[in-house]
Amino acid sequence: MDNVRTHILVCTGGGCIASGALEVSAALREQLERHGLANEVRVIESGCLGPCAVGPVAAVYPDNVFYQGIRPDDAADIVEEHLLKGRVVERLVHTTPAGRTLPGLQEVPFFQKQVKIVLRNCGVIDPLKIEEYIARDGYRALGKVLTSMTPEEVIAEMKASGLRGRGGAGFLTGLKWEFTRKAPGDVKYILCNGDEGDPGAFMDRSVLEGDPHSVIEGMAIAAYAIGAQQGYAYIRAEYPLAVERFNHALRQAREYGLLGRDIFGTSFQFDIEVRMGSGAFVCGEETALMTSIEGNRGEPRPRPPFPAQKGLWGRPSCLNNVETFANVPPILLQGSKWFASYGTAKSKGTKVFALAGAVNNTGLVEVPIGMPLGEIIYDIGGGVPNGKKFKAVQLGGPSGGCIPKEYLNVPVDYESLSELGAIMGSGGMIVMDEDTCMVDVARFFLDFCQDESCGKCPPCRVGTKRMLEIVERICAGEGQEGDIEKLLELGQVVKDASLCGLGQTAPNPVLSTIRYFRHEYEAHIRDKHCEAGVCAALVRAPCQSACPAGVDVPGFVSLIGEKRYAEALALHRERNPFASVCARVCFHTCEDKCRRSTLDEAVAIRGLKRFMTEQEVTVQLPEIRDNEANARRKIAIVGAGPAGLSCAYFLARLGYRPRVFEAEPRPGGMLVQAIPAYRLPREELAREVRMIERLGVDIETNMRLGRDFTLAGLKQQGYDAVFLGIGAPLGAKLGIPGEDAEGVTEALRFLREYNIRGSAPIGQKVVVIGGGNAAIDAARTALRLGAESVSILYRRTRAEMPAYAEEVDEAEHEGVKLMVLVAPVEVVTQGGHVSGVKCRHMVLGEFDRSGRRRPVSSSDGDFIVPCDQIIAGIGQALDARELCDGLPLELNKNGFIKADPVTGRTSVPWVYAGGDAVMGPWSVVGAIAAGEKAAVGIDAALTGAEHAFWRKERPNDTAFDPDADPVQYPRAKMQLIPVNKRRNNFQEVELPWSEAVARREAKRCLRCDFRQPCEQTQD
Amino acid sequence: MLEEGKVTCGCGEEVSEEELLARLDAVLEEYRAKPGALIPVLQIAQGLFGYLPEVALKKIALGLNKSYSEVAGVVSFYSFFSTQPRGKHLIRVCLGTACYVRGGKRVLDTLKQKLGVDVGDTTPDRTFTLEVARCFGACGLAPAIMIDDDVHHRVKPNKMDLILDKYREEPAAPDSGNGRGARATARRT
């Protein structure tokens, strides 16, 4: 052998091969040859290292350096820099978000929390060389078993290890072996299930390709234990490389006498034959797999008799999964105690997962069983890319279920997962973000199962078909009331009555998405709305779908592009009267869903709206349909915030004359009380409130519910319906000692005091506690009122702040100091007045129900932040009980009012509610949408029909050439006034664009709403 | 023993049908005595012919002493087996949301018309097989189609020939349609 000083292991798992690993490996060899290093440095094509997303990858030993994203051109650098000069090629190693490079394999977060038992050799040895397997203790376990253990002892050791079947069902492997051993019969078979069919799972493939001998050794040991002389490995035809490498390994094992007769000089004889699957998912089921090996249609057989009694060709047979077999040699070599030291009480060892979908580090990972789900997704997987929100993870493929963000802390083990309606399954882990429609997910998996159902038993064959028809109908916007119940009932029948695992688990994706995302099904069925913007029949354009108010975004954007500003604004106000308000304060979910972002960046929809509203000289009124009968009906609206005023606006357009009661001296709700004038100038709000008044809406201010009038009183006065848009006006208490001291206030009170009365006491050193919008608004207001310094304390990190990122950025630019991972523990006082706040450093711990990591106290000591004013912005509440004086108004679990999401109706038939009063602190546009829905709900209840004429889609007559390429301009930036001009005044910070900028931005729209006219379909 | 490599498509070769049938005879001879031989033999036969023509199925039925209906039953059960010839190039038309609303359907109709085949079928000259798929993640440049491993963006029906011509001259890309993604979209024919 040559004197090899360095090994380069190039990963040649399926993912890396697809990214060009073979070319990289060839280029490395060529460069080594050129530099005369071919005898010193060896390139080895190894099995899967795991991080497929950054492939091709390679590890250099003994330097222990990990390179990722290698292109063939990089080979020269690696050879010249690293191997000749000893300098790591920094640009090819893992870089932290902070820009630090981490060359070491174990330093990369993806590997840090992993424990590799099954994948111990994957990416470490050359899978084509049995010598390398043997050098890593390969076949020692078999030798030990054959020469020093009885089959019973092997089984006892396996049982003691607690290894459970890795194919999905999780049956104890040792017990299965014991049943087969005890079954009477001379001929027995050991079978390996390599028919890995779940979409998204590829761990068996990686083991078969990267370490085939571990499976052969595991099978041989199992054969000895159960008393078999013949084994079959059933590998799916879609894995030609796995079949090739496994066959190669079999030949080598035979040459070495590790298969065949007299193995290790004992009388034990054993051999394995490969059978290839032929693309039938059901053949992953054990009885179907045996039927298939026998040469028949791969239909399952009823159990009992179980395969341990009557399996392949009627003989006792034991079937285990690839990953299970790969676990066997280390267990017998290192002992059951060692193995059982990993995992949980009931689930021992490790499990390999295939991370896929909306996660940064897709690939193959092996972790101890029981690791919290969130750690796998965030610490190893690196979280969700592109700043999107995590929504759910699908475990176990089409037989499994989804787990929503509320349960990120669940330990990943067999029992915990099945309690949540998911399964461990083969280990597929598909991460889904906010852009995933859960009904569509259910449809996808059901379609798969329906297609793969073998047809032998009617519950599965017919049941999955009928279920699919219902789900497809829902996705097409033709869902009916009762569909969800039908799915649940059918799903249960299919589960209970199907012959095999395929049918018994096929309803799981539907049942679990209904369990956690029933509201999405309801929105599809009742609202004909697909929030994620996925279901084609329900989505005109993703931006419009994402807008809670359903504003025709492509419509007004394209009208701006044609300088038709008045029409654009009128179109906006069809669905949302507060165009000018939303142009300033909306959190623009439309932009988050903009399809342009897949090209460069989202269209700046809010900026366009701002420009559009600037063009309005005299306020235009929307279409109103006079109706004498409606005009006579009395409707009261409590609260003149965005929800109440929106409800009034839409009612007025149907001919009603609603009366609005507002507790404060000025209408606007949070828009005037909480949102500062530098974000929303008061005249802008006043203009749109006046517009609503001109439609025939009366607003009475200084009328507080509970003080000046009651709901029962309104009923007595003859009001037909009441809408409660009373918001969540109370600030939450800090709940720490000393908070009653002078100088402690809460954010809403502080903002309301300043915004309504025009002045509020302000300290020199101000501390704001909280990370929501109210906290940020309070901090920036305090700065403008002359505070010397303003610090925000937040107990989580910036990424978890509920406040809009843009606002947080601006607060920092203006000089607000952000202190994150800090929690207050006590208000320090001096003479009854605040002198500081005692704080504690926090660290992020387990995942909580919000899908975020819970902050927990660190062990560092407490410290004091000196201050003379504390503003607490840690939450908002509503005291609905007090306001509703004895009416049986049902509240939800957070103490807000329970209301129907479609009609706004509460448990009291004539009372409706919407906005923050129902949802808790939410968003302006959400409140506007809730007001509109309640207006339609009230009208429908009073007249018996729906008259929401504004909901009808308007045809878009702007010019658009679908064949032209998208314009290449980048997204236009918002212009802001300089920071030094913002102190001591409340001038609006954002400036509108010029006409040229705005029109150019409008042209960036891809016009997702555009549909090809039918007559052009033939060319 | 089944040798690796034999199952991959044998269509590049210029071999007469008689020659292929003779090879099949040899395979049958080898497998006749093995238990559960039908499926491995079908896999090898498909590797030889590129698909499973009726004449081969009849020969297999006779050779393994099984009824033709049993053989046909097994063939129709597994999606890997095809009684229709497969094309050199696999065209997949994306009908995901973005592509659908941007004319993916129209692209599909044009392809059907130009190739003279329906979804799942292969052109008589065995150049193209037409299939539909869901989302390749190219939504921003919809409509998209995928030919072998190449994604084509913003496909315009009237320029379809320009795209197809490139493949009419080229040999098949290796591993086309054999990757993992193919499983989820595969349909039993």
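Here are legends for some close-up views of this predicted model.

**View 1. A buried alanine in a helix.**
Let's start with A:Ala253, which sits in helix α11 of chain A, a helix covering residues 240–255. Is A:Ala253 buried or exposed? Its relative accessibility is 0%, so A:Ala253 counts as buried.

**View 2. The surroundings of A:Ala253.**
Setting aside neighbours within four places in sequence, A:Ala253 is in contact with A:Ile130, A:Tyr139, A:His213, A:Leu258 and A:Leu259. For a sense of distance, look for A:Gly279: the two residues are 26 residues apart in sequence, and their C-alpha atoms are 28 Å apart in space.

**View 3. An open sheet of five strands.**
Follow the strands of chain A in the order β21-β29-β22-β23-β24, and you will find that they pair in parallel. Which strands lie at the edges? They are β21 (744–746) and β24 (817–820), each pairing on one side only. On average, neighbouring strands of the sheet are turned by 20° against each other, with direction ignored.

**View 4. Two strands side by side.**
Zoom in on β22 (residues 765–769) and β29 (residues 869–872) of chain A, parallel strands joined by four bridges. One residue to find here is A:Val768, whose bridge partner in β29(A) is A:Ile871.

**View 5. Helices packed on the sheet.**
Helix α33 (residues 747–757) of chain A packs on the sheet and touches β21 and β29, with its direction at about 80° to that of β21(A). Helix α34 (residues 773–784) of chain A also packs on the sheet, where it touches β22, β23 (789–794) and β29. The direction of α34 makes about 165° with that of β23(A).

How values were computed. Residues numbered from 1 in each chain as written. Chains lettered and ligands numbered in written order. Predicted model: local features only at pLDDT ≥ 70, side-chain atom pairs only at ≥ 80, totals over all residues. Heavy atoms only, no water. Buried < 20%, exposed > 50% of the residue type's maximum accessible area, 1.4 Å probe, protein only. Contact = heavy atoms within 4.5 Å. Pairing = 2+ DSSP bridges. Axes fitted to C-alpha atoms, helices over the stretch in contact; angles between N-to-C directions.
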